[in-house]
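Open the model in your viewer and keep the sequence panel visible. Each stop below says what to select and what is there.

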Amino acid sequence: MEELVTRVANAAGIAPDVAQKAVGIIFGFLHKEAPDQVGGLLNSLPGAHEAIAAAQEEPAGGGIMGSLMGMMGGGGGIMGLASQLSGAGLGMGEMQFI
């Protein structure tokens, strides 16, 4: 997990703690949206479930995007993922590297 977080941080040019949060958010999204397809992978990756749990403990504000999604009754799907990543401090330019 540490190697993955380091690679994400370096690729996106972000701090390791932000990369850790982003990885947890993405793993959580994948687990929620496609549990049968990614369950085995997440189970075999040490620290994956802990990263998901840690990302869920700290609610991401989501800024304007999160507010709009909330008003529209959304929060799921790819837009919800982008909102969560935005709330974790990532801009759209950084998200493309994750």
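The tour starts with the whole chain and then moves through helix pairs, a core and single residues.

**Before selecting anything**

This is a predicted model, in which local features need pLDDT of at least 70, side-chain atom pairs count only at pLDDT 80 or more, and totals for chains, interfaces and linings use all residues. Residues are numbered from 1 along each chain as its sequence is written, and side-chain values use heavy atoms, with hydrogens and water left out.

**Stop 1: the whole chain**

Show the protein chain as a cartoon. There are seven helices and zero strands. Helices (H or I, at least four residues) and strands (E, at least two) are DSSP runs, numbered from the N terminus. Read from the N terminus, the order is α-α-α-α-α-α-α. Of the 98 residues, 35% are buried; buried means under 20% relative accessible area, exposed means over 50%, and partly exposed is in between (1.4 Å probe, protein chains only). Contact means heavy atoms within 4.5 Å. Among contacts between residues at least 6 apart in sequence, 55% join residues at least 24 apart.

**Stop 2: H1 and H2**

Select residues 2-12, which form helix H1, and residues 16-33, which form helix H2. At what angle do H1 and H2 pack? The angle is about 110°, and the axes are 8 Å apart. That makes H1 roughly perpendicular to H2. Axes are lines fitted to C-alpha atoms, for helices over the stretch in contact, and angles run from 0 to 180 degrees between N-to-C directions. Angles under 35 degrees count as roughly parallel, over 145 as roughly antiparallel, 65 to 115 as roughly perpendicular and the rest as oblique.

Now show side chains where the two helices meet. H1 brings Leu4, Val5, Val8 and Ala9, while H2 brings Pro16, Ala19, Gln20, Val23 and Phe27. By class, this contact of H1 with H2 has eight nonpolar residues, one polar and no charged. Here Ala, Val, Leu, Ile, Met, Phe, Trp, Tyr, Cys and Pro count as nonpolar, Asp, Glu, Lys and Arg as charged, and the others, Gly among them, as polar.

Before leaving H1, select asparagine 10, which has its place in this helix. Asparagine 10 is exposed, with a relative accessible area of 60%. Its C-alpha atom is separated by 9.3 Å from that of phenylalanine 97, although the two are 87 residues apart along the chain.

**Stop 3: H2 and H4**

Keep H2 and add helix H4, residues 48-57. H2 and H4 pack at an angle of about 100°, with their axes 7 Å apart. H2 and H4 are therefore roughly perpendicular to each other. On the H2 side, look for Gln20, Lys21, Gly24, Ile25, Phe27, Gly28 and His31; on the H4 side, look for Ala48, Ala51, Ile52, Ala54 and Ala55. The classes in this contact are seven nonpolar, four polar and one charged.

**Stop 4: H2 and H6**

Replace H4 with helix H6, residues 77-87. The axes of H2 and H6 come within 10 Å and cross at roughly 160°. H2 and H6 are therefore roughly antiparallel to each other. Ala22, Ile25, Ile26, Phe29 and Glu33 in H2 meet Gly77, Ile78, Leu81, Gln84 and Leu85 in H6. Seven residues of this contact are nonpolar, two are polar and one is charged.

Select glycine 77, which lies in H6. Is glycine 77 buried or partly exposed? At 28% relative accessibility, glycine 77 counts as partly exposed. Not counting residues up to four places away in sequence, glycine 77 touches Phe29 and Glu33. Then colour the buried residues of H6: Gly80, Leu81, Ala82, Ser83 and Leu85. After H6 comes glycine 89, whose phi is positive, near 105°.

**Stop 5: the core**

A nonpolar core is a set of buried Ala, Val, Leu, Ile, Met, Phe, Trp, Tyr and Cys residues joined through side-chain atoms within 4.5 Å. The largest one has 24 residues, and Ile14, Leu85 and Leu90 have the most contacts inside it. H1, H2, H3, H4 and H6 each supply at least two residues of this core. Which helix gives the most to this core? H2 does, with eight residues.

Finish on leucine 85. Leaving aside residues up to four places away in sequence, leucine 85 touches Ala22, Ile25, Ile26, Leu90 and Met95.
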